[in-house]
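Here is a quick tour of the structure shown below. Have a look at the rings to begin with, and then we can work outward to the rest.

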Amino acid sequence: SEARFRELANHVPGMVFQLRQPVGAETAELAYLSEASAELCGYPAEHIRNNPAQLQSIVHPLDSAVFRASLDAAIA
């Protein structure tokens with residue numbers, strides 16, 4: 001099922017990502033990021049996975065507050 005998910009996510013015309021916040025942790029971790037990140041923002045998925053703060057930095061400044069609010073709501 002993991003392989004099927006990755007295959008599906010890699011064919012979505014956009015960036016697919018999954019955040020996880022372990023119980024008791026202060027911050028969420030970037031558990032998955034589709035390879036489409038390279039086409040959309042110029043950073044390979046591995047680069048962003050290794051530097052999760054990059055995810056916020058690639059969001060357009062006008063969309064930043066809405067993006068942050070949606071992440072907070074998803075984590076909650």
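## Aromatic pairs

How many aromatic pairs does a search of the whole structure find? The search turns up 2. One of them is Phe5 with Tyr32, an edge-to-face arrangement with 5.0 Å from centre to centre and 65 degrees between the planes. This pair ties together distant parts of the chain, since Phe5 sits in helix H1 (residues 2-9) and Tyr32 in strand E2, 27 residues apart. Bear in mind throughout that this is a predicted model.

The two partners can also be looked at for their exposure. Phe5 has a relative accessible area of 35%, so it counts as partly exposed. Tyr32 is down at 4% relative accessibility and therefore counts as buried.

## Overall layout

Zooming out, the protein has 5 helices and 2 strands. Going along the sequence, they come in the pattern α-β-β-α-α-α-α. The C-alpha atoms fill a box of roughly 30 × 30 × 20 Å along the principal axes. For 76 residues, a compact globule would have a radius of gyration near 11 Å; the protein comes out at 13 Å, which agrees.

How much of the protein is buried? Buried residues account for 20% of the 76. Take the contacts between residues at least 6 apart in sequence, and 23% of them join residues at least 24 apart.

## Surface and charge

The accessible surface adds up to about 5,500 Å², and 54% of that belongs to carbon and sulfur atoms. As for charge, there are 5 positive and 9 negative side chains. The centres of those two sets lie 6 Å apart.

## Around the start of H2

Now for the stretch that leads from E2 into H2. Ser34 is placed in the loop between strand E2 (29-33) and H2. Is Ser34 buried or exposed? Its relative accessibility is 0%, so Ser34 counts as buried. Setting aside residues up to four places away in sequence, Ser34 touches Ala9, Asn10, Gly14, Met15, Val16 and Ala45.

Ala36 lies in that loop between E2 and H2 as well. With a relative accessible area of 14%, Ala36 is buried, because the cut-off for buried is under 20%. Ala36 and Met15 are 21 residues apart in sequence, yet their C-alpha atoms are 5.5 Å apart in space. Then comes Ser37, which belongs to helix H2 (residues 37-41). Ser37 is buried too, with a relative accessible area of 0%. Which residues does Ser37 touch, not counting those up to four places away in sequence? They are Met15, Gly42, Tyr43, Pro44, Ala45 and Ile48. Met15 and Ala45 therefore turn up on the contact lists of both serines, given that contact means heavy atoms within 4.5 Å.

## Gln54 and Ile58

Further along the chain, Gln54 lies in helix H4 (residues 53-57). Gln54 has 22% relative accessibility and so counts as partly exposed. Leaving out neighbours within four places in sequence, Gln54 is in contact with Tyr43, His47 and Ile48. For a sense of scale, Gln54 and His11 are 43 residues apart in sequence and 22 Å apart in space, C-alpha to C-alpha.

Ile58 is found in the loop between H4 and helix H5 (64-75). At 25% relative accessibility, Ile58 also counts as partly exposed. Its contacts, again without neighbours within four places in sequence, are Met15, Cys41, Tyr43 and Ile48. How far apart are the C-alpha atoms of Ile58 and Leu19? They are separated by 16 Å, with the two positions 39 residues apart along the chain.

## Pulling it together

A few residues keep coming back. Met15 touches Ser34, Ser37 and Ile58. Tyr43 and Ile48 are among the contacts of Ser37, Gln54 and Ile58. Ser37 itself is buried at 0%, while Gln54 and Ile58 are partly exposed.

Methods. Residues are numbered from 1 along each chain as its sequence is written. This is a predicted model: local features need pLDDT of at least 70, side-chain atom pairs count only at pLDDT 80 or more; totals for chains, interfaces and linings use all residues. Side-chain values use heavy atoms; hydrogens and water are left out. Helices (H or I, at least four residues) and strands (E, at least two) are DSSP runs, numbered from the N terminus. Buried means under 20% relative accessible area, exposed over 50%, partly exposed in between (1.4 Å probe, protein chains only). Rings of Phe, Tyr and Trp (its six-membered ring) pair if their centres lie within 6.5 Å; planes under 30 degrees apart count as stacked, over 60 as edge-to-face and the rest as tilted. The radius of gyration is taken over C-alpha atoms; the globule rule is 2.2 Å times the number of residues to the power 0.38. Accessible areas come from the Shrake-Rupley method with a 1.4 Å probe; for residues, only the protein chains shown count as cover. Lys and Arg count as positive and Asp and Glu as negative; His and the chain ends are not counted. The place of a charge is taken as NZ of Lys, CZ of Arg, CG of Asp or CD of Glu.
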